[in-house]
Amino acid sequence: MMSDMDNKEATTLSRQHVAAYLQHLAAERRLSPNTLESYQRDLLFLLQTTEESGKALADAVASDVRDAIVKLRKKSLSPASVARHISSWRGFYSYAIQRFGYLNNPCVGQKGPKVKRALPKTLSPDSCAQLLDGKKEQDIDSNVLLARDHAMFELLYSSGLRVSELTGMDFIDIDLKAGEARVTGKGSKTRLVPVGRQACKAIKTWLSWRQALLGGNDTPALFLSRWGRRLSVRSVQMRLDHWVSQSGLGQSVHPHMLRHAFASHMLQSSGDLRAVQEMLGHANITTTQIYTHLDWQHLAKVYDSAHPRAKRSKPVGGTENT
């Protein structure tokens, strides 16, 4: 049995191993700060669970992992959250075996709950038009915040950007003449995306205001707050909430819905899954394929409403012949 000193040393080493793994993820995989925080929370939960049983992470066995999973389920976490925890643990042990000489991966064979992937919520083309065309052009041309917001939302929908990609863009990333933008996505990977005519027009209007809003600041950010600093993700959401309430859409809209709308509408029009994958910056095409289900869902609704035999009437007597 470990002494208190031995147990303290093992715990310290375990925490050091977790910290080293997180540094590895940050350096090699270039994960976002939010993703790294999720990994850290997942691993610290397992660490605390094993500590309660007097073990270090290196000594954990399959039953310890199962106990941790049971505790997660008691916290009423979603199946997706539980599955993410297990994936985080499995990745840590795989790294620790190679890097630190851990003897086993207690997560091997551990299955998480089945995760039902929900279809993303999106907007129809008409709803997008209602949102983006709801403000009068003369109002946008004469108001700095309206000009900025209009440019942001047009760009989100035109190019299918993540909101973090939008706020991370710099002034030099936009080429209005070529109609394209350089975007830095997940893992610090960059890609070129097309920028549509309406978005280019809105951005041009915004740029005529940007210098005045910049003041004495020297930030390279494309989109600025009223104080001349880079706009935050939270600020974009708050401004979109304001636009939605003014547009009369009657539904909640978050920035990622404009990305979903871009992907869904592009796929419906072109049918080119690979092209949509490239524009979205998805590493795996299976991530993009979710939009094919949206496309089919849309077609099914059209069929149900338009085809004369889409809805069968009940047979006489309430039963069908077999």
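**Figure 1. Helix H3 with its exposed and buried sides.** In this predicted model, Arg73 and Lys74 are exposed on the side of helix H3 that lies opposite its buried residues. Those buried residues are Asp64, Val65, Ala68, Ile69 and Leu72, and, seen down the axis of H3, they fall within an arc of 140°, so they line one face of the helix. What covers the buried residues of H3 includes helix H2 (33-52) and helix H4 (79-100). Helix H3 runs over residues 62-74, and because its 13 residues should span 18 Å at 1.5 Å a residue, the 19 Å between its end C-alpha atoms agrees with that expectation. After H3 comes Ser76, whose phi is positive, near 60°.

**Figure 2. Helix H12 and the residue that follows.** Helix H12, made of residues 273-280, has Leu273, Val276, Gln277, Met279 and Leu280 as its buried residues. Viewed down the axis of H12, these buried residues fall within an arc of 170°, so they line one face of the helix. Arg274 and Glu278 are exposed, and they are carried on the face of H12 that is turned away from its buried side. Gly281 follows H12 and has a positive phi, near 80°.

**Figure 3. Aromatic rings around Phe92 and Tyr93.** The model contains eight aromatic pairs, and one of them joins Phe92 to Tyr93 in an edge-to-face arrangement, with 5.3 Å centre to centre and 70° between the planes. Both residues of this pair, Phe92 and Tyr93, are buried. They also belong to one aromatic cluster, which is formed by Tyr21, Phe92, Tyr93, Tyr95, Phe100 and Tyr102.

**Figure 4. The stacked pair of Trp206 and Phe223.** Among the eight aromatic pairs of the model is the one formed by Trp206 and Phe223, which is stacked, with 6.2 Å centre to centre and 20° between the planes. This pair links distant parts of the chain, since Trp206 belongs to helix H9 (residues 197-214) while Phe223 lies in the loop between H9 and helix H10 (233-247), 17 residues apart. Trp206 is buried, with a relative accessible area of 0%, and Phe223 is likewise buried, with a relative accessible area of 2%.

**Figure 5. The largest nonpolar core.** This core has 44 residues, of which Phe153, Leu155, Leu161, Leu166, Trp206 and Phe223 touch the most other members. At least two residues of the core are supplied by each of helix H5 (125-132), helix H7 (144-159), helix H8 (163-168), strand E2 (180-184), H9, H10 and helix H11 (255-270). Helix H7 gives the most to this core, with nine residues. When residues up to four places away in sequence are not counted, Phe153 touches Leu132, Val236, Arg239, Leu240, Trp243 and Leu258. Apart from this core lies another, of 25 residues, among them Phe45, Leu47, Ala96 and Cys107.

**Figure 6. Charged side chains placed over tryptophan rings.** Lys135 lies over the face of Trp243, at 5.4 Å from the ring centre. Trp243 also appears among the residues that Phe153 touches. In a second example, the charged end of Arg226 sits over the ring of Trp227, 5.9 Å from its centre.

**Figure 7. The surroundings of Ala261.** Ala261 is part of helix H11 and counts as buried, at 0% relative accessibility. Leaving aside neighbours within four places in sequence, Ala261 is in contact with Thr122, Leu123, Cys128 and Tyr157. Of these contacts, the one with Cys128 joins residues that are 133 residues apart in sequence, although their C-alpha atoms are 8.1 Å apart in space.

**Figure 8. The chain that holds these close-up views.** The chain has 14 helices and three strands, and buried residues make up 41% of its 322 residues. Among the contacts in the chain with a separation of 6 or more, 59% are accounted for by residues 24 or more positions apart.

How values were computed. Residues numbered from 1 in each chain as written. Heavy atoms only, no water. Phe/Tyr/Trp six-rings, centres within 6.5 Å; stacked < 30°, edge-to-face > 60°. Buried < 20%, exposed > 50% of the residue type's maximum accessible area, 1.4 Å probe, protein only. Helix = DSSP H or I, 4+ residues; strand = E, 2+ residues; numbered from the N terminus. Lys NZ or Arg CZ within 6 Å of the ring centre and 35° of its normal. Core = buried A, V, L, I, M, F, W, Y, C linked by side-chain atoms within 4.5 Å. Contact = heavy atoms within 4.5 Å. Expected span 1.5 Å × (residues − 1). Arc of directions from axis to C-beta.
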